[in-house]
Structures are given as structure tokens and as C-alpha cells.
Amino acid sequence: MQFLMAILMATVSVQVWNGSRDAAVKGVRVTLYAFPPQGTPQAVDSAVTDARGKVRFDVDPAKTFYAAAVQYHGEPYGAPLQGETLTLQVFDTLSSAKKLGALTYTALVADMDTAGVLLLEAYGVQQDTPYVLPRGAFTFRVSQPEGATFAGANPPDGWAVEEKQLVFHQPLRPGMNQTMVQFAFPAKTRKFEVPVSLPRVPDTVRVLFPEGYSISGVRYTLKEPQTIQGRTFQLAELLPGEATFLFRVSAGGGWAFPVSPLAAAVGGGILLLVLLGLFWKARGSRAGDTA
């Protein structure tokens, strides 16, 4: 019986690697988590990395799914176990936010018929150093549009409410950091304003809105329409020229999304992924302007 159990078990190797210094990390504790088919994840083992930054765990992949995690300089890192080896890349911290790269903003307006109008605002911040900017090193505020209610954010723990504004305060890791906030307007909302205040002039600003809607208050260029959930959105690339600006959205009696498919898409994160992907995929084909 013990021999059979030994055959079923597998040994996996986890290495903790410092991406800031390109070196193995010795002496940090790695925790192994098991994800049963039903129930909550549980810590089932832990070990401290050796001189090569490595630890080894015995697992039973036939019974459950595993992930490894480590805390480094106060920041959590984790990844699922796939195969016999896993590298957990960690980073040193940097206190200054001066070397941030591209700053992008994308808004999507979705008419949910009797459920009201949904506004999704997605932000992208490029972190150009091989370090982590810790919590508090970079923040920006999001104003709640008049007449709207807060409907959620991603990551959900990255936001705080301060002086009637939402404040993003998550750590920023190397590469593109993407985050989103949602607001809901009551049914039959036909017009509203969206105030935007960014840390500096953005590199890209895009607004997607349904056919039958229009935007005003800023200069923009119309790009190639985008299809989401089988519906066509107009895509406008704004030319604000400032870090703080405001655009108006007006409905002209166009189509509305059925409630259930869109609500399911938002709940599952599908629409978020599509929206964030449009940062890079959208290309211009039709030009127009308004102010």
C-alpha cells in the first residue's frame, strides 16, 4: 500500500527568482496550497528556499490542484503548479513612481435596457522598471459620475473610498498594470457626464459607445467599430490634451443590450478582458471629429 501511494505521489520543484537582480532568492518560505474540487484552498505544506532558491514538495496531482505562494518584501506572489517545476518571479521594491511608461484610458458605455446604463472605465499603467512600486507609491482618483452608483472594481481590493472618490492604491509590478471600475446609471438614463482625472496627460484615450449614442465635449476621431457580444460599438479616440477632462454621453434611441447576457459577461470577467484588449487592437479607419 505504501509502495502504491509512493507511485501516485509526484515531487515538484519550486524556485524563487528575483527579477530585479536576476538571481535566486535564498531563505524565503514558500507555501503550498491545495485546491479541492469543493471547499476553500488550504495550506498543506511549506518550506524555506535553499541557496539555489529552491524547495521541493510531494503532491498528489490525481486528487487535487495545487499552487505555490511566497511573500517577498511585503508583496504576495503565487502561481499554479503545472508540471514538475515552477519559477516564482519576485521583485525588489522601488519607492518612486517617476519611471512610469504609457498611461491609457478606455471607457465602455453599455445600454442594459430596463436595467439601466453601465459605464466601465479601464486604466492601463506601464511600469518600466524591473521593480515593484509598493502600495501607496502610486495612486489616482476616480470621480463617481453624477447620478451613477458604484458597481464594482477589479481588482476588488485595490480601491478605497476617500472623500466621496474612489482611490486606486495597489502595488504596480513590471509591465502593464490594468485595472477597472464600474458605474451603473438608472434605467432610461439618456445623458450623463464622465469626469476623468489622471496623474498626467494620457498616451491613449478611447471611448466605446452603442449605435444610437453620441459623445461630445472633447475632440475625437472615429475608428473602426468593434463587435462585443454580437453588438456593434462605435469607437472614438479622444484627443483631450490634458490630464483632466470631461466628456458627455447622450442616447438617441439606439438599441439596448439584453440584460442577462451582459450581466453574465460582466460577472464572469469576459467583458473586462475584451475591453482591456481593445487598448491595443483598435485601429483607425474612419475619421470624424466633434467638440
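Hi everyone, let's start with a sheet: four strands make up an open, antiparallel arrangement, in the order E4-E3-E6-E7. At its edges you'll find strand E4, residues 42-48, and strand E7, residues 75-80, each pairing on one side only. On average, neighbouring strands here are turned by 25° against each other, if we ignore direction. Before I go on, please keep in mind that this is a predicted model.

Let me zoom in on one pairing in that sheet. Strand E6, covering residues 65-72, runs antiparallel to E7, and six bridges join the two. If you'd like a landmark on screen, take Ala-69: its bridge partner in E7 is Gly-78.

Now to another sheet. Here three strands form an open sheet, again with antiparallel pairing, and the order is E16-E21-E18. Why is one side of E16 and of E18 left without a neighbour in the sheet? Strand E16 (191-197) and strand E18 (213-216) stand at the edges and have a single partner strand each, so one side of each has no neighbour there. The average turn between neighbouring strands of this sheet is 25°, direction ignored.

E16 pairs with strand E21, residues 244-251, through seven bridges in the antiparallel sense. You can find the register by looking at Lys-191, which sits opposite Ser-250 in E21.

Let's move on to the packing. As a general reminder, nonpolar side chains in soluble globular proteins tend to be buried together. In our model, the largest nonpolar core has 40 residues, and the ones touching the most other members are Tyr-105, Leu-238 and Phe-247. Which strand gives the most to this core? That is strand E9, residues 100-111, with five residues.

Phe-247 deserves a closer look. Leaving aside residues up to four places away in sequence, Phe-247 touches a list of residues including Tyr-105, Ala-107, Leu-238, Val-207 and Val-218. Among its other contacts are Phe-192, Glu-193, Val-194 and Val-196, and also Ser-216. Apart from the largest core lies another one, of 23 residues, with Ala-34, Ala-47, Phe-57 and Val-90 among them.

Last topic: the aromatic rings. How many aromatic pairs does a search of the whole structure find? The search returns 10. Ring pairs also link up a cluster, made of Tyr-105, Tyr-123, Phe-138, Phe-140, Trp-159, Phe-168 and Phe-245. You've met Tyr-105 already, as one of the residues that touch the most other members of the largest core. That's my tour, thanks for listening!

How values were computed. Residues numbered from 1 in each chain as written. Predicted model: local features only at pLDDT ≥ 70, side-chain atom pairs only at ≥ 80, totals over all residues. Heavy atoms only, no water. Pairing = 2+ DSSP bridges. Axes fitted to C-alpha atoms, helices over the stretch in contact; angles between N-to-C directions. Core = buried A, V, L, I, M, F, W, Y, C linked by side-chain atoms within 4.5 Å. Buried < 20%, exposed > 50% of the residue type's maximum accessible area, 1.4 Å probe, protein only. Contact = heavy atoms within 4.5 Å. Phe/Tyr/Trp six-rings, centres within 6.5 Å; stacked < 30°, edge-to-face > 60°.
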